[in-house]
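Trainee: Got a minute to go through this one with me? I'd like to ask about the contacts and the helix packing.

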Amino acid sequence: PVLVGALRPVLVLPRNLSIGGTSDQLRLSLLHELAHAARGDTRFGTLAGLAWAVWYFLPPLWWVGRQMRLDQEFLADHLAASALGGPPTG
C-alpha cells in the first residue's frame, strides 16, 4: 500500500497484496500507512520537495530531506508494530 496526496491523503492498495498476501501482512502494511496519515507525513514530504526545488544547490538540504524520510519510515514501523503488540520498548 501507499499513501498519496498532500491535502487529502488516499490509501492505494495493490490488487496482488489484497489477493495473495496473508492477513497479517496486509494488516501491518495498512497500519504502517495509517501511521503516516495520522502523523501528516505527506504534507512534510510535499514541503521537503518544494524546498529541494528551490534550494537544489544545497547538498546539506538533501541529507536533511533523506534523513526526514528515513525517520518517518522508522516511526511508522514502530507505531504499526506497537499496534500489533510488538516488543515492549524500554
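Mentor: Sure, and keep in mind that this is a predicted model. Let's start with L3: set aside the neighbours within four places in sequence, and L3 is in contact with P9, V10, L11, E33, H36, A37 and T42.

Trainee: Okay, so where does L3 sit, and is L3 buried or exposed?

Mentor: The element that holds L3 is strand β1. The relative accessibility of L3 is 14%, and the cut-off for buried is under 20%. So L3 counts as buried.

Trainee: How far apart in space are the C-alpha atoms of L3 and D41?

Mentor: Along the chain, L3 and D41 are 38 residues apart. In space, their C-alpha atoms are separated by 9.4 Å.

Trainee: T42 was on the contact list of L3. Which residues does T42 contact, leaving aside its neighbours within four places in sequence?

Mentor: T42 is part of helix α3, and at 16% relative accessibility it counts as buried. With those sequence neighbours left out, the contacts of T42 are L3, G5, A6 and P9.

Trainee: A6 is in there too. Where is A6, and which residues does A6 contact beyond its neighbours within four places in sequence?

Mentor: Look at the loop between β1 (2-4) and β2 (10-12), which is where A6 lies. Its relative accessibility is 23%, so A6 counts as partly exposed. A6 and A37 are 31 residues apart in sequence, with 9.7 Å from C-alpha to C-alpha. Leaving aside neighbours within four places, A6 touches T42, R43 and T46.

Trainee: What about T46: which helix is it in, and how far is its C-alpha from that of L7?

Mentor: T46 belongs to helix α3 and counts as partly exposed, at 36% relative accessibility. T46 and L7 are 39 residues apart in sequence. Their C-alpha to C-alpha distance is 9.6 Å.

Trainee: Zooming out, in what order do the elements of the chain run?

Mentor: The chain has 4 helices and 2 strands. Starting at the N terminus, the order is β-β-α-α-α-α.

Trainee: And among contacts between residues at least 6 apart in sequence, what percentage join residues at least 24 apart?

Mentor: We've just met one pair of that kind of separation, A6 and T46, which are in contact. Over the chain, for contacts between residues at least 6 apart, the share that joins residues at least 24 apart is 56%.

Trainee: Now the helices. How are α3 and α4 oriented to each other?

Mentor: Two packed helices are described by the angle between their axes and the distance between the axes. For helix α3 (residues 41-54) and α4, the axes come within 10 Å and cross at roughly 170°. Angles over 145 degrees count as roughly antiparallel. So α3 and α4 are roughly antiparallel to each other.

Trainee: Which residues make that contact, and how do they divide by class?

Mentor: From α3 you have D41, F44, G45, A48, A51 and W52, and they meet L61, W62, G65, R66, M68 and Q72 in α4. By class, the residues in the contact of α3 with α4 are 7 nonpolar, 3 polar and 2 charged.

Trainee: How do α2 and α4 compare: what is their orientation, and what is the hand of their crossing?

Mentor: Helix α2 (residues 23-39) and helix α4 (residues 59-83) pack with axes 8 Å apart, at an angle of about 125°. That makes α2 and α4 oblique to each other. α3 passes α4 in a left-handed crossing, whereas the crossing of α2 and α4 is right-handed.

Trainee: What does the contact of α2 with α4 look like by class?

Mentor: On the α2 side, the contact is made by R27, L28, L31, H32, A35, H36 and R39. On the α4 side, the residues include Q72, E73, L75, A76 and D77. The tally is 9 nonpolar, 3 polar and 4 charged residues.

Trainee: Last one: which side chains meet in a salt bridge?

Mentor: The count comes to 1 salt bridge, with a cut-off of 4 Å from nitrogen to carboxyl oxygen. The N to O distance is 3.7 Å. One partner counts as buried, at 5% relative accessibility, and the other as partly exposed, at 37%. In that order, they are D41 and R39.

Terms used. Residues are numbered from 1 along each chain as its sequence is written. This is a predicted model: local features need pLDDT of at least 70, side-chain atom pairs count only at pLDDT 80 or more; totals for chains, interfaces and linings use all residues. Side-chain values use heavy atoms; hydrogens and water are left out. Axes are lines fitted to C-alpha atoms, for helices over the stretch in contact, and angles run from 0 to 180 degrees between N-to-C directions. Angles under 35 degrees count as roughly parallel, over 145 as roughly antiparallel, 65 to 115 as roughly perpendicular and the rest as oblique. A crossing is left-handed if the near helix is turned anticlockwise from the far one by less than a right angle, and right-handed if clockwise. Contact means heavy atoms within 4.5 Å. Ala, Val, Leu, Ile, Met, Phe, Trp, Tyr, Cys and Pro count as nonpolar, Asp, Glu, Lys and Arg as charged, and the others, Gly among them, as polar. Buried means under 20% relative accessible area, exposed over 50%, partly exposed in between (1.4 Å probe, protein chains only).
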